[in-house]
Amino acid sequence: MIIRPGAIGDCILALPALEYLRTAHTEVWTPSAVVPLIRFADRARSLASTGLDVFGLPDVEPSASLIANLQSFDSIVSWYGANRTEFQEAINELGAPVEFLPALPPAYGREHCADFFARQVGAPTPAFPRIPIPNPSTHTHAVIHPFSGGTRKNWPLDRYRELARRMPIPVRWCAGPEEKLEGAERRDNLLELAEWIAGARLYIGNDSGITHLAAAAGARVVALFGPTDPAIWAPRGDAVRIIYDDLENITVERVLDAINSIL
């Protein structure tokens with residue numbers, strides 16, 4: 001079994017490592033949003049549905065079915081609970097064969113995150129996350145997703161709007177369920193979203209999980225990075241352009257140049 005927590009982008013960057021661990025029977029526990037992307041496993045479950053979080057909590061007993069489930073595996077690789085000593089102790093008391101791995105690369109390094117995860121399990125590097133999309137639809141529009149997990153990583157929305165007006169091809173906007181953007185495409189299922197983005201001629205976005213999704217699905221990607229280091233966190237794909245600068249310094253003209261270089 002593989003237990004992989006984290007944000008969407010973190011989980012996508014870990015896909016090569018997860019797939020390398022596949023055996024004759026593989027089960028993956030991961031955040032609910034990521035479950036549709038786990039297509040290589042025999043079973044994928046949302047972490048929230050397992051009750052795993054109760055281990056190590058005072059005066060809370062995990063269910064007998066959960067304990068029996070954990071004990072049934074020959075091997076468990078967990079990026080969950082790597083920093084919770086009480087959680088690890090409670091799991092180890094079961095006698096379950098668990099190996100705990102750090103869920104994020106060290107702050108002092110500059111190794112790409114996908115390579116860090118791959119190297120943890122002995123998988124080949126450089127590691128390129130892939131979400132196979134068989135026969136994606138072909139469209140002439142570009143997709144813009146102007147959000148991310150934190151506002152400090154967002155290029156100003158008014159510049160995205162100016163970019164859209166000056167684009168050489170039509171634009172369709174993309175947003176998450178809680179992101180306010182009138183007329184945007186919204187799909188709760190990440191695999192369905194990946195299929196839709198893969199059919200576009202181009203994707204443009206910030207340092208976000210959806211940008212990693214687009215690259216892994218094989219889309220042409222222009223990604224705008226500011227406070228985070230693309231040497232560690234850039235999306236990886238065959239047609240990815242990264243613009244790295246203080247976000248306020250990134251002009252519409254600079255993004256248009258990157259778009260023209262990739263179309």
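The residues that line the largest cavity of this predicted model divide into eight nonpolar, one polar and no charged. That cavity has a volume of about 30 Å³, and a search of the whole structure finds one cavity of 30 Å³ or more. Beyond the cavity, the briefing turns to two open sheets, one with its strands in the order S3-S2-S1-S4-S5 and one in the order S7-S6-S8-S9-S10.

**The largest cavity**

- The lining is made up of Ile3, Leu52, Leu70, Ile76, Ser78, Phe87, Ile91, Val98 and Phe100.
- At least two residues of this lining come from each of three elements, namely strand S4 (76-78), helix H5 (85-92) and strand S5 (98-100).

**The sheet that holds S4 and S5**

- Five strands, in the order S3-S2-S1-S4-S5, form this open sheet, and their pairing is parallel.
- At its edges stand strand S3 (43-46) and S5, and because each has a single partner strand, one side of each is left without a neighbour in the sheet.
- Strands S4 and S5, which both contribute to the cavity lining, pair in the parallel sense over three bridges.
- Within this pairing Ser78 stands opposite Phe100 in S5, and both of these residues are also found in the lining of the largest cavity.
- Helix H4 (residues 64-71) lies across strand S2 (27-30), S3 and S4, and the helix runs at about 130° to S2.

**The sheet from S7 to S10**

- This open sheet is likewise formed by five strands, here in the order S7-S6-S8-S9-S10, with parallel pairing.
- Strand S7 (171-173) and strand S10 (240-244) each have a single partner strand and stand at the edges, so one side of each is left without a neighbour in the sheet.
- On average, and with direction ignored, neighbouring strands of this sheet are turned by 20° against each other.
- Strand S6 (residues 142-145) and strand S8 (residues 202-206) run parallel and are joined by four bridges, and in S8 the bridge partner of His145 is Gly205.

**Helices on the sheet from S7 to S10**

- Helix H7 (residues 157-166) packs on the sheet, where it touches S6, S7, S8 and strand S9 (221-225), and the direction of H7 makes about 150° with that of S7.
- Helix H11 (residues 252-262) lies across S8, S9 and S10, and its course runs at about 165° to S10.

Terms used:
Residues are numbered from 1 along each chain as its sequence is written. This is a predicted model: local features need pLDDT of at least 70, side-chain atom pairs count only at pLDDT 80 or more; totals for chains, interfaces and linings use all residues. Side-chain values use heavy atoms; hydrogens and water are left out. On a 1 Å grid over the protein atoms alone, a cavity is a set of points where a 1.4 Å probe fits but cannot get out, and a pocket is an open set with protein on both sides within 12 Å along at least five of seven lines; lining residues have an atom within 4 Å of a point. Grid points are joined across faces, edges and corners, and a volume is the space filled by probe spheres set on the points. Ala, Val, Leu, Ile, Met, Phe, Trp, Tyr, Cys and Pro count as nonpolar, Asp, Glu, Lys and Arg as charged, and the others, Gly among them, as polar. Two strands pair if DSSP finds at least two bridges between them. Axes are lines fitted to C-alpha atoms, for helices over the stretch in contact, and angles run from 0 to 180 degrees between N-to-C directions. Contact means heavy atoms within 4.5 Å.
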